[in-house]
Amino acid sequence: MQTATRVYLARLGGLPVFDPNGDQIGRVRDVVARIRTSSRPPQVVGVVAEVPVRRRIFLPISRIEITADAVVLGTGSLNLRRFEKRANELLVLHELLRRPVTVAPEGRHAVVVDVAMDANRLGEWTLSRVAVRDQTIRLARRIQLEQLDWDDVRGLIPHSGAHATATMLAMLEKMRPADLANALQDLPDARRNEVAAALDDERLADVLGELPEHDQVEIVSALDRERAARILEEMDPDDAADLLAELPPAEQEELLDLMEPNEADPVRQLMAYGEGTAGSVMTSEPVIMPPDATVAEALARIREPELSPAVAAQVFVTRGPMATPTGKYLGVVFFQRLLREPPSRILGGVVDNDITPLSPDMVMSEVTRRMATYDLVAMPVVDEQQRLVGAVTVDDVLDHSLPEDWREREPGPAPAVTGGDGA
């Protein structure tokens, strides 16, 4: 919702906070940034606002608009739970302003006067620029300020448990989500939750999908509700539905209500299907395209890096709308066929409709038999109105076929971390 792409944070202290109706609800007292891995600047996740009765609450950066003279809520809902700083978080105004630092590479001593945050094209805010003054200047008619990139200033991150967490994250950064999930299972509970909380939303969502259900629940329960809802939005709908199914009904509804409606609706639909059926394990976001799309467009779509290999192995062709439940299901085009066809050919001319789709209530034993019979990595799931509602992939089948505790790890030695204070 923000209109600016760079904001200097010192000016935010004391700004009034208004709700969408224009009523003042409090004032900004600080800005919260999450410490990330080694060379990456901290990510700004929200502001701390003081509301009546001197309670300080957290406002997520995604739910506010920052103007020249105020902060405006983009939603009428407000979480009044008292803000508590976490180990991997920085309070920018309190901890960084007036902080002694060193300017690289010359090693000059300076003092932080202001910090700026910048937004990228995805709307993520990070601490990017630091305004400093020379520490040797005491009395001067005009104080000379210098603006530097975040990476050119040393001493901004305090050496603490947060630093130890950042060090561990640097060690684990290159791991695949499944390997990182295994590493987290070897950690003591407190350190595991601390490291998980320090991960980016997208990274944590990927890792949660690789953890046993009880570990998923413990990590999500340790997060504040707003962030837990954001993590669920980042997860594949089927994984989010499985996680929510492990929570009490009241907590399920609370998190679903905090999610964006377009993210929550597919999860609600999946949770309505009976356990052990195709509908309960399918993904509601396969690759779907209209019959007048070209082969070139389909190839570009399945090349998107966020798609798993099983999802990217085929394109499902339907009438509009393209989001599940779609219009009438027409068939599937496998990626090998796409590679053999001219780029300009339309999908409606190469679609395969000889494979009978699955129904949402089909039991998993029959789903497994069908996929093995046709030697497929994904199959469409179609409702009684012949609308595509999702697709069952081979990883869904494997998750259901393997023993329930297959993700469990025997406790082992925790990864060594230097410069920290242990668990």
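## Helix packing and strand pairing in a predicted model

Helix 5 and helix 7 pack with their axes 8 Å apart, at an angle of about 70°. Axes are lines fitted to C-alpha atoms, for helices over the stretch in contact, and angles run from 0 to 180 degrees between N-to-C directions. Helix 5 and helix 7 are therefore roughly perpendicular to each other; angles of 65 to 115 degrees count as roughly perpendicular, under 35 as roughly parallel, over 145 as roughly antiparallel and the rest as oblique.

This is a predicted model, in which local features need pLDDT of at least 70 and side-chain atom pairs count only at pLDDT 80 or more, while totals for chains, interfaces and linings use all residues. Residues are numbered from 1 along each chain as its sequence is written, and side-chain values use heavy atoms, with hydrogens and water left out. Helices (H or I, at least four residues) and strands (E, at least two) are DSSP runs, numbered from the N terminus.

Helix 5 passes helix 7 in a right-handed crossing. A crossing is right-handed if the near helix is turned clockwise from the far one by less than a right angle, and left-handed if anticlockwise. On helix 5 the contact (heavy atoms within 4.5 Å) is made by Asp201, Glu202, Leu204, Ala205 and Leu208, and on helix 7 by Arg227, Arg230, Ile231 and Glu234. By class, the residues of this contact of helix 5 with helix 7 are four nonpolar, no polar and five charged. Ala, Val, Leu, Ile, Met, Phe, Trp, Tyr, Cys and Pro count as nonpolar, Asp, Glu, Lys and Arg as charged, and the others, Gly among them, as polar.

Helix 9 (residues 249–258) and helix 10 (residues 261–271) have their axes 9 Å apart and pack at an angle of about 150°. That makes helix 9 roughly antiparallel to helix 10. The crossing of helix 9 with helix 10 is left-handed. Gln252, Glu253, Leu256 and Asp257 of helix 9 meet Ala264, Val267, Arg268 and Met271 of helix 10. The contact of helix 9 with helix 10 has four nonpolar, one polar and three charged residues.

Helix 6 (residues 213–222) has the buried residues Asp215, Gln216, Val217, Ile219 and Val220. Buried means under 20% relative accessible area, exposed over 50%, and partly exposed in between (1.4 Å probe, protein chains only). The buried residues of helix 6 pack against helix 3 (177–185), helix 4 (189–198), helix 5 (201–208), helix 7 (225–234) and helix 8 (237–245).

Turning to the strands, two of them pair if DSSP finds at least two bridges between them. Antiparallel pairs are listed below.

| Strand pair | Sense and bridges | Opposed residues |
|---|---|---|
| Strand 1 and strand 10 | antiparallel, three bridges | Tyr8 and Ala116 |
| Strand 9 and strand 10 | antiparallel, four bridges | Val101 and Ala110 |
| Strand 10 and strand 11 | antiparallel, nine bridges | Val111 and Arg133 |
| Strand 15 and strand 16 | antiparallel, five bridges | Thr318 and Tyr329 |

Strand 9 and strand 10 form a hairpin with four residues between them, and Gly107 in the turn has a positive phi of about 80°. The hairpin of strand 10 and strand 11 has five residues between the strands, and Gly123 takes a positive phi near 85° there.

Thr126 lies in strand 11 (residues 125–134) and counts as buried at 17% relative accessibility. Not counting residues up to four places away in sequence, Thr126 touches Arg36, Pro42, Gln43, Val44, Ala116, Met117 and Asp118.

An open sheet of three strands has the order 14-15-16, with mixed pairing. Its edge strands, strand 14 (288–289) and strand 16 (329–334), each pair on one side only.
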